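Me: I am new to this structure and would like a close look at a single part of it, the place where two helices pack against each other. Please set the scene for me first, and then take me through that part with care.

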Amino acid sequence: MTLRQSCVCLARIALLAIGLSMVARAGDSNDAAKIARGKYLVEDVGKCADCHTPFDEKGQPIADKHLQGALLVFKPTVPMPAWAERSPNIAGLKGWEEEEAVHFMMTGETSDKHRPRPPMPEYRFNQEDARAVVAYLRSLSTSK
Ligand code: HEC
């Protein structure tokens with residue numbers, strides 16, 4: 001290999017490395033954008049914390065138990081054949097496969113065809129939004 005050839009070769013390697021690092025950085029910012037959208041959907045649209053975060057005695061959500069499951073503070077005014085009094089911990093989505101959780105957020109169905117009892121709403125997020133919701137929930141750590 002001549003000196004000139006090896007220079008061209010090194011330049012190509014350098015360009016490739018720059019290109020790869022740009023792809024990696026774009027991946028990180030895509031993830032950040034997805035998680036930010038998921039946070040918005042969970043907190044401002046789905047209002048998941050209304051049922052999945054416990055409240056203190058002043059009626060304020062307990063911040064360090066965010067989405068970690070709660071005894072519901074309301075009951076139905078008419079008899080309901082099925083009613084869940086407690087919501088589970090969804091911070092971190094432990095025990096959920098990615099695709100199972102996305103399907104659940106799109107249909108309200110879990111993989112064993114069991115439907116959670118009311119008042120858990122059956123959400124119909126589109127696939128992109130369901131993925132964002134799941135990414136955000138998985139990004140949360142859980143102390144439980
Ligand atoms: C109006 C109250 C309410 C809201 C709002 C709510 N949930 Fe729930 N959720 C529940 C209750 C209650 C259960 C437990 C149902 C049961 O035990 O059958 C539940 C169960 C779940 C489960 C477990 C399902 C299973 O079968 O294992 C997941 C996951 C979940 N909710 C996610 C969410 C997400 C994400 C949001 C917001 C996008 C949300 N929930 C909003 C009340 C609610």
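**A helix pair and its surroundings**

Reply: Buried residues account for 20% of the 144 residues in the protein chain, and it should be said at the outset that this is a predicted model. The protein chain contains four helices and two strands, and when it is read along the sequence these elements follow the pattern α-α-β-β-α-α. Of the contacts in the protein chain between residues at least 6 apart in sequence, 53% join residues at least 24 apart.

The part to look at closely is the pairing of α3 with α4. Two packed helices are described by the angle between their axes and the distance between the axes. Here the axes of α3 and α4 come within 9 Å and cross at roughly 120°, which makes α3 oblique to α4. The crossing in which α3 passes α4 is right-handed. On the side of α3 the contact is made by Glu98, Ala101, Val102, Met105 and Met106, while α4 brings Gln127, Ala130, Arg131, Val133 and Val134 to it. Sorted by class, the residues in this contact of α3 with α4 are seven nonpolar, one polar and two charged.

Helix α4 also holds alanine 132, a residue that is worth following on its own. Alanine 132 has 24 C-beta neighbours inside 10 Å, and because 20 or more are enough, alanine 132 counts as buried. Leaving aside residues up to four places away in sequence, alanine 132 touches Lys34, Arg37, Gly38 and Leu41. Its distance to lysine 39 can be given as well: alanine 132 and lysine 39 are 93 residues apart in sequence, yet they lie 8.0 Å apart in space, C-alpha to C-alpha.

The loops on either side of α3 deserve the same attention. Between α3 (98–107) and α4 (127–139) runs the loop in which proline 119 lies, and there a cis peptide bond joins proline 118 and proline 119, with omega at about 10°. In the loop between β2 (86–87) and α3 one finds leucine 93, whose phi is near 45°, a positive value in a residue other than glycine. Leucine 93 is buried, because 22 other C-beta atoms lie within 10 Å.

Another leucine can be set beside that one. Leucine 67 is found in the loop between α2 and β1 (70–71), and leucine 67 has a positive phi of about 65° although it is not a glycine. With 25 other C-beta atoms within 10 Å, leucine 67 is buried.

The ligand completes this view of the surroundings. It is surrounded by 20 residues, the closest of which are Gly46, Cys48, Cys51, Ala84 and Met120. Helix α2 (residues 49–52) gives the largest share of the shell around the ligand, namely three residues. By class, the shell around the ligand divides into 12 nonpolar, five polar and three charged residues.

To return to the pair itself, the picture to keep is of α3 and α4 with axes that come within 9 Å, of a right-handed crossing, and of a contact with seven nonpolar residues, while alanine 132 of α4 touches residues including Lys34 and Leu41.

Conventions: Residues numbered from 1 in each chain as written. Predicted model: local features only at pLDDT ≥ 70, side-chain atom pairs only at ≥ 80, totals over all residues. Near = placed C-beta within 6 Å. Nonpolar A, V, L, I, M, F, W, Y, C, P; charged D, E, K, R; others polar. Buried ≥ 20, exposed ≤ 12 C-beta atoms within 10 Å, placed from the backbone. Contact = placed C-beta atoms within 7 Å. Axes fitted to C-alpha atoms, helices over the stretch in contact; angles between N-to-C directions. Parallel < 35°, antiparallel > 145°, perpendicular 65-115°, else oblique. Left-handed = near helix turned anticlockwise from the far one by under 90°.
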